[in-house]
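Here is a short report on one protein chain. Keep the structure in view while you read.

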Amino acid sequence: DVLIMQPLSRRRVEEYLLTSRRPANQMLCRELTNKHLFDLAAAPWILIKMIEQAQNNVYPKSRAEALQNMFQEMLAKQFPENDNRREWAEESLYRIAYQMYQQRERTWNEEQVFAVMADVRQYRDYNLDSLYTALIDCGILSRTIPANVRFARRGLHAFCCAEAIARMDFNERYHVIDDITASLGRLTRLRWWQPVLILLSGLVDNPNDLLRAIDFGIDMTEGQQLFVMARCLLEIDPKRVDANVRDNVVNALIWRLHGETERRVDRRARAANFLGQLNATAAADNLARIALSIDLPEETNQSEAADLLPGTLQSEPNDIPGAGDSLVRLEAAMALAEIMSTQYTELKEIADEYTERGYVVVAELYRVLELWMKKDVAGLARRLRRPDAHPGIRAISSYALGNIGTSRANGLLIATFFEANETVETKIPANLRWALT
């Protein structure tokens with residue numbers, strides 16, 4: 001029998017951890033949020049390991065550290081600390097993983113595996129057959145049919161490869177990274193090496209060299225290398241990142257938020273998502289523009305401001321009634337909410353500034369974000385059901401209620417959708433209709 005387990009959504013992981021009523025699980029949920037590791041916890045086997053470690057007060061500080069802890073724990077099943085073979089078992093796994101990645105293969109035959117293990121052993125006195133069996137039994141390697149071998153988990157495969165590169169001397173590592181990053185213009189190569197590069201950024205002493213290598217010779221306003229760099233930034237302690245490198249990434253993400261400069265909706269949505277995870281307060285204005293689907297010129301006058309007051313908007317010139325537009329607006333709103341959760345004072349100052357300039361709708365946006373953070377279903381429902389409210393505010397209120405996801409919040413969304421389509425007078429704008437669905 002084969003059991004196929006699908007990746008878990010962030011909401012499912014949060015719901016499970018927070019409703020378990022175990023302090024360790026609730027703390028784990030906070031750490032996954034702070035370290036941006038919900039995509040890693042989406043794998044059920046990794047989530048189970050994290051929960052087990054949380055019971056011992058061990059929480060992941062980075063993606064690399066989380067996989068390293070799991071790797072060492074699995075290795076210890078067959079190689080205790082006093083076993084002299086443990087060091088050579090690790091070295092064998094690192095070399096096997098690196099060479100498989102270089103050859104772009106997921107499986108090897110046993111002859112290839114034994115050749116690497118023999119090269120590591122050299123003249124040391126231990127049996128290769130028993131070492132090979134132990135690597136299978138501890139769950140890191142797995143036999144396949146016919147007589148092939150693979151890493152049991154792709155995450156462990158990527159980690160062992162990243163560890164192999166991190167352990168190289170500077171010159172060798174420089175040339176390896178240069179060869180890898182030079183090939184990232186091809187989508188297949190980028191997808192192949194991305195998990196290794198992300199883990200490597202958390203393992204090397206100077207991650208800025210790696211980031212510059214990815215950046216060198218590419219146009220960050222095109223392709224997907226920018227998103228690899230953004231994910232690497234999330235893996236690294238912000239104190240270790242060169243400010244210029246981070247600013248370049250943030251500016252490029254802002255550039256790719258807009259339909260005029262990035263035509264692909266999925267990439268615009270990814271740009272918004274990364275700006276939120278990076279807590280990029282410099283992107284707040286642009287995210288607000290996208291979330292509300294309005295223009296925010298540098299200067300304003302009373303006649304311009306009047307067009308942005310709740311209840312006075314007569315048309316939606318920038319509204320694009322489609323699922324793609326709704327996706328980007330949702331990601332922009334969620335990015336603002338994430339930034340606000342850690343940079344509340346700075347965003348509050350921005351909201352106050354817009355209020356003084358007459359942009360009441362922007363100030364209202366930040367009030368909606370506050371309600372979202374507090375999970376205030378009643379307050380969000382009032383803004384959703386106000387027919388004279390700005391369509392962008394109503395749409396973001398619906399996103400927030402959907403994100404909260406309680407039975408009451410979902411019921412309000414369903415009721416609003418059906419009520420609003422019963423008569424011409426209550427018919428909702430296209431963008432809100434997409435938001436509700």
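Start with helix 9. The elements that cover its buried residues include helix 4 (44-54), helix 5, helix 6 (85-102), strand 3, helix 10 (170-182) and helix 11 (187-201). Keep in mind that this is a predicted model.

**Helix 9 and its surroundings**

Helix 9 has 13 residues. From its first C-alpha to its last it reaches 18 Å, close to the 18 Å expected at 1.5 Å a residue. The helix is mostly covered, with 11 of its 13 residues buried. Among them are His-157, Cys-160, Cys-161, Glu-163 and Ile-165.

Ala-162 is found in this helix too. How buried is Ala-162, in relative accessible area? The value is 0%, so Ala-162 counts as buried, the cut-off being under 20%. Leaving out residues up to four places away in sequence, Ala-162 touches Val-196, Leu-199, Leu-200 and Leu-203. Take Leu-200. Ala-162 and Leu-200 are 38 residues apart along the chain, yet their C-alpha atoms are separated by 5.0 Å.

**Rings that meet**

The chain has 7 aromatic pairs. One of them joins Phe-71 and Phe-159. Their ring centres are 5.6 Å apart, the planes make an angle of 55°, and the pair is tilted. Phe-71 lies in helix 5 (residues 63-75) and Phe-159 in helix 9 (residues 154-166), so the pair ties together parts that are 88 residues apart in sequence. Both of these Phe residues are buried. Tyr-94 joins in as well: ring pairs link Phe-71, Tyr-94 and Phe-159 into a cluster.

A ring can also meet a charge. The charged end of Arg-124 sits over the ring of Trp-88, 3.4 Å from its centre.

**The strands**

The chain has 24 helices and 3 strands. Strand 3 (residues 148-151) pairs with both of the others. Strand 1 (residues 107-109) runs antiparallel to strand 3, and 3 bridges join them. Here Trp-108 stands opposite Val-149. Strand 2 (residues 141-144) also pairs with strand 3 in the antiparallel sense, over 4 bridges. Here Leu-141 stands opposite Phe-151.

Which residues of strand 3 form its covered face, and which its uncovered one? Val-149 and Phe-151 are on the covered face, while Asn-148 and Arg-150 are on the uncovered one.

Now look at Ser-142, which is in strand 2. Its relative accessible area is 19%, so Ser-142 is buried, under the 20% cut-off. Beyond its neighbours within four places in sequence, Ser-142 is in contact with Ile-136, Asn-148, Val-149, Arg-150 and Ala-152.

**Positive phi angles**

Several residues in this chain take a positive phi. The table lists some of them with their places.

| Residue | Phi | Place |
|---|---|---|
| Asn-57 | near 65° | loop between helix 4 and helix 5 |
| Gln-122 | about 55° | loop between helix 7 (110-121) and helix 8 (128-137) |
| Ala-147 | near 45° | hairpin of strand 2 and strand 3 |
| Asn-279 | near 55° | following helix 15 |

Are Asn-57 and Gln-122 buried or exposed? Asn-57 has 58% relative accessibility, so it counts as exposed. Gln-122 has 52% and also counts as exposed. The hairpin that holds Ala-147 has 3 residues between its strands.

**Helix 15 and the core**

Helix 15 (residues 265-277) has 13 residues. It reaches 19 Å from first C-alpha to last, close to the 18 Å expected at 1.5 Å a residue. Its buried residues include Arg-267, Arg-268, Ala-271, Phe-274 and Leu-275.

Ala-271, Phe-274 and Leu-275 are also touched by Leu-253. Leu-226, Phe-227, Ala-230 and Leu-278 are further contacts of Leu-253, with residues up to four places away in sequence not counted.

Leu-253 belongs to the largest nonpolar core, which has 143 residues. The residues with the most contacts inside this core are Ile-165, Leu-253, Leu-287 and Tyr-366. In soluble globular proteins, nonpolar side chains tend to be buried together.

**The whole chain**

Step back at the end. The chain has 437 residues, and buried ones make up 49% of them. Among contacts with a separation of 6 or more, 66% are between residues 24 or more positions apart.

Methods
Residues numbered from 1 in each chain as written. Predicted model: local features only at pLDDT ≥ 70, side-chain atom pairs only at ≥ 80, totals over all residues. Heavy atoms only, no water. Buried < 20%, exposed > 50% of the residue type's maximum accessible area, 1.4 Å probe, protein only. Helix = DSSP H or I, 4+ residues; strand = E, 2+ residues; numbered from the N terminus. Pairing = 2+ DSSP bridges. Expected span 1.5 Å × (residues − 1). Core = buried A, V, L, I, M, F, W, Y, C linked by side-chain atoms within 4.5 Å. Contact = heavy atoms within 4.5 Å. Phe/Tyr/Trp six-rings, centres within 6.5 Å; stacked < 30°, edge-to-face > 60°. Lys NZ or Arg CZ within 6 Å of the ring centre and 35° of its normal.
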